[in-house]
Structure formats: C-alpha cells, structure tokens
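Here are a few exercises to work through with the model open beside you. Try each task before reading its solution.

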Amino acid sequence: MTSSTGLANQPGVHLVTERMVLRRFTTNDLDALVELDNDPEVMHYINNGAPVDADDVADTLDHWIAAYHRTPGFGFWAADDRRTGDFIGWFHFRPAHYNIPPEPELGYRLRRNYWGRGLATEGARALIDNGFEQHPIERVVAETMVVHTASRRVMEKAGLRPTRTFRADWPVRIPGDEHGDVEYALTRNDWKHQQRSMQSTSTESRNRH
C-alpha cells in the first residue's frame with residue numbers, strides 16, 4: 001500500500017486517512033455515484049429509496065466539480081479504499097451556498113457494503129481536524145433525521161454534540177420525519193479541548209508501558 005505521504009502528493013487528493021483516500025471527484029465517477037444513489041437502503045433517509053435519474057446525478061456531479069475552484073479546501077470528496085482503490089462513497093465539508101462562512105457543514109454517504117466499519121467516523125474526524133487546523137472556522141455543523149440513529153452515532157463519535165431539533169419542509173415524506181431533524185455541532189474551543197484530552201490519554205497510555 002502506498003504511503004500516506006505518497007498518496008497525499010498525488011493530484012486531486014485532499015486527505016489521506018488510515019484506510020481511505022479523500023479526493024476530488026471527476027466525471028469518471030459518474031457510474032459509481034449513480035449506483036450509490038440508486039441503492040434503496042443507502043437512500044432511505046434521503047428520498048425514501050426512490051430511484052434517482054442518471055442525468056440528475058450527472059448535473060450534481062458537475063456542480064460539485066465546479067465548486068472546487070470557488071471554495072478551495074471545501075466541497076464534496078470521493079472516498080476510495082486505500083488498499084483496493086474501490087469507491088467507498090463520499091464526504092462533504094462545505095460552506096452553505098459555496099461561500100466560506102465560519103460554519104461548514106459535514107456530511108457523508110457510503111456504499112452499503114462499507115457500513116459498520118467505522119469509516120464514516122474516520123472520514124468525519126479527518127475532515128473536522130483538517131478544517132480547524134487549516135481554515136479560520138469557528139464551528140462545524142451536521143444535520144440528520146431524529147430517527148436516523150446510525151448517522152447520529154457517527155456525528156457523536158466524531159465529537160459533535162446535539163444543539164437543537166427542528167422541522168424542515170422536505171419534498172419527500174419519509175417514515176419518521178414527523179419526529180423532525182436534529183442539528184449537531186462542534187466549536188473550535190470544544191475541538192481544542194478534545195484534542196488536549198486525546199493527547200493526555202495517549203501520553204498516559206505510553207507511560208504505563
């Protein structure tokens with residue numbers, strides 16, 4: 001497997017984690033995205049598992065690609081398996097309306113065969129750390145349905161905490177949406193505190209040995 005440094009220096013690569021490469025999307029990713037967006041289980045909490053037209057996916061992909069030049073360091077990132085090179089899904093760390101505010105939004109969508117491996121948390125943490133380290137942001141936010149317990153666990157494991165519940169007028173009714181949505185957030189100060197706690201825990205562990 002190529003070293004993290006070697007992968008990070010490749011064109012289009014945004015971040016390298018223990019098991020993934022997060023990179024810019026290209027038009028060659030269209031088929032993989034169409035497949036992802038047409039898995040009913042993946043899309044259950046998005047559109048109740050309804051089919052997604054390939055032309056709509058292509059338009060979305062073009063929008064993501066164009067946004068890299070408007071907001072460097074932010075956007076939608078394809079996630080590939082470091083070991084196999086297979087497409088895992090995507091993460092986003094994006095400013096609303098593609099301006100650069102102090103509160104980028106975190107999101108993710110992974111292929112079903114990669115669920116349950118901690119990859120969503122791994123990618124989320126990497127994007128959060130990079131965001132606070134490389135950009136003058138003060139808060140990261142993420143949103144999901146109240147009943148979407150798997151996504152909420154990812155947010156919590158990534159260090160975010162629930163801040164409010166709200167009701168959005170989504171175009172597609174999904175079972176459970178009567179309970180509303182929940183916003184999670186992590187401030188820069190809380191992130192710094194988490195970093196210090198992890199460093200302290202790591203030091204104590206080394207000292208025991």
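Contact here means heavy atoms within 4.5 Å. The model is predicted, so local features need pLDDT of at least 70 and side-chain atom pairs count only at pLDDT 80 or more, while totals for chains, interfaces and linings use all residues. Residues are numbered from 1 along each chain as its sequence is written, and side-chain values use heavy atoms, with hydrogens and water left out.

**Exercise 1. Place Phe166 and list what Phe166 touches, not counting residues up to four places away in sequence.**

Start with the element: Phe166 sits in strand β7, residues 161–166. (Helices, H or I with at least four residues, and strands, E with at least two, are DSSP runs numbered from the N terminus.) Next, the touching residues: Glu143, Gly180, Asp181, Val182 and Glu183. Now try a C-alpha check: Met145 is 21 residues from Phe166 in sequence and 9.5 Å away in space. Finally, Phe166 counts as buried because its relative accessible area is 16%; the cut-offs are under 20% for buried, over 50% for exposed and partly exposed in between, with a 1.4 Å probe and protein chains only.

**Exercise 2. Work out how β1 and β2 are arranged.**

Two strands pair if DSSP finds at least two bridges between them. Strand β1 (residues 13–16) and β2 have three bridges, in the antiparallel sense. For the register, look at Val16, which stands opposite Val21 in β2. Then follow the chain: a hairpin of three residues joins β1 to β2.

**Exercise 3. Describe the second largest pocket.**

First, the term: on a 1 Å grid over the protein atoms alone, a pocket is an open set of points where a 1.4 Å probe fits, with protein on both sides within 12 Å along at least five of seven lines, and lining residues have an atom within 4 Å of a point. The second largest pocket holds about 170 Å³ of space. Among its 13 lining residues, Leu7, Gln10, Val21, Arg23 and Asp80 are closest to the centre. By element, β2 (20–24) and β3 (75–81) each supply at least two lining residues, and β2 gives the largest share, three.

**Exercise 4. Find the volume of the largest pocket and the residues closest to its centre.**

Its volume comes to about 1600 Å³. Of the 48 lining residues, Tyr45, Ile46, Trp90, Tyr108 and Arg109 are closest to the centre. Elements giving two or more residues to this lining include α4 (54–70), β4 (87–94) and α5 (119–134).

Definitions and conventions
Grid points are joined across faces, edges and corners, and a volume is the space filled by probe spheres set on the points.
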